[in-house]
Amino acid sequence: MENVTVLDHPLIQHKLTIIRDKNTGTKSFREVVDEIARLMAYEITRDMPLEDVEVETPVAKAMMKQISGKKVALIPILRAGLGMVDGMLDLIPAAKVGHVGLYRDPETLEAVEYFVKLPSDISERQLLVLDPMLATGASAIAAIDALKKRGADSLKFVCLVAAPEGVEALRKAHPDVDIYLAALDEKLDESAYIVPGLGDAGDRLFGTL
């Protein structure tokens, strides 16, 4: 699918299998999500633009490469998106971090915004919107709506596991946003859970099962 990238690196896929296992406890789940986020950050930043800069090594002056263009901000969707932040920051330590808080209305399954706190310069940054799960797509769409409404215009959505229904909904609502997944799963069930999925990522991250 256009603007959808499944990151099929063997290390990512191996670690994804660990967190899918229902017997993986909270501590291990949290650690492995962190590791996957770090590996995904490496892949997602592959297209960052470079510029030439002169440096003086211990031997000679030389023209070398450094990252140019927009700086990065990480925007986790609360609460599960928090589990992906530290791994990303390991590779992009200068990134700023904002937060978008949403909850799912149990009747309509629509996302409702309750908290937004962002860096003041989001219009000047490449935003990586983080959420482990892309199920119906409602939370991702609402979060990106909130960011665009506040001036963001350069966004990527990053998640671990997605359902085809959520990917299609997000692509339709925001065709300008690139989507990065560790896995595209089979479907949603009648309760809007991803199948086979990995359960509720927030509950498994924070031990609130």
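**Salt bridges in the predicted model**

A search of the whole structure turns up 14 salt bridges. The structure is a predicted model, and a few of these pairs make a good starting point for a newcomer. Side chains of opposite charge can pair when their charged atoms come close.

One such pair brings together Asp-47 and Lys-156, whose side chains meet with an N to O distance of 3.0 Å. This salt bridge links distant parts of the chain, as its two residues are 109 residues apart. Asp-47 sits in the loop between helix 2 (26-44) and strand 2 (50-56), while Lys-156 belongs to strand 10 (residues 155-162). Lys-156 counts as buried because its relative accessibility is 7%, and buried means under 20%.

A second salt bridge joins Arg-125 to Asp-121, with the closest N and O atoms 3.0 Å apart. Here both partners can be placed by their accessibility. Arg-125 has a relative accessibility of 6% and therefore counts as buried. Asp-121 is also buried, with a relative accessible area of 15%.

Helix 5 (residues 164-173) offers a further example, as it holds both Glu-168 and Arg-171. These two residues lie three residues apart, about one turn of the helix, and their side chains meet in a salt bridge of 3.3 Å, N to O. Glu-168 is partly exposed, with a relative accessible area of 40%. Elsewhere, salt bridges that share partners join Asp-34, Arg-38 and Asp-90 into one network.

How values were computed:
Residues are numbered from 1 along each chain as its sequence is written. This is a predicted model: local features need pLDDT of at least 70, side-chain atom pairs count only at pLDDT 80 or more; totals for chains, interfaces and linings use all residues. Side-chain values use heavy atoms; hydrogens and water are left out. A salt bridge is a side-chain nitrogen of Lys or Arg within 4 Å of a carboxyl oxygen of Asp or Glu. Helices (H or I, at least four residues) and strands (E, at least two) are DSSP runs, numbered from the N terminus. Buried means under 20% relative accessible area, exposed over 50%, partly exposed in between (1.4 Å probe, protein chains only).
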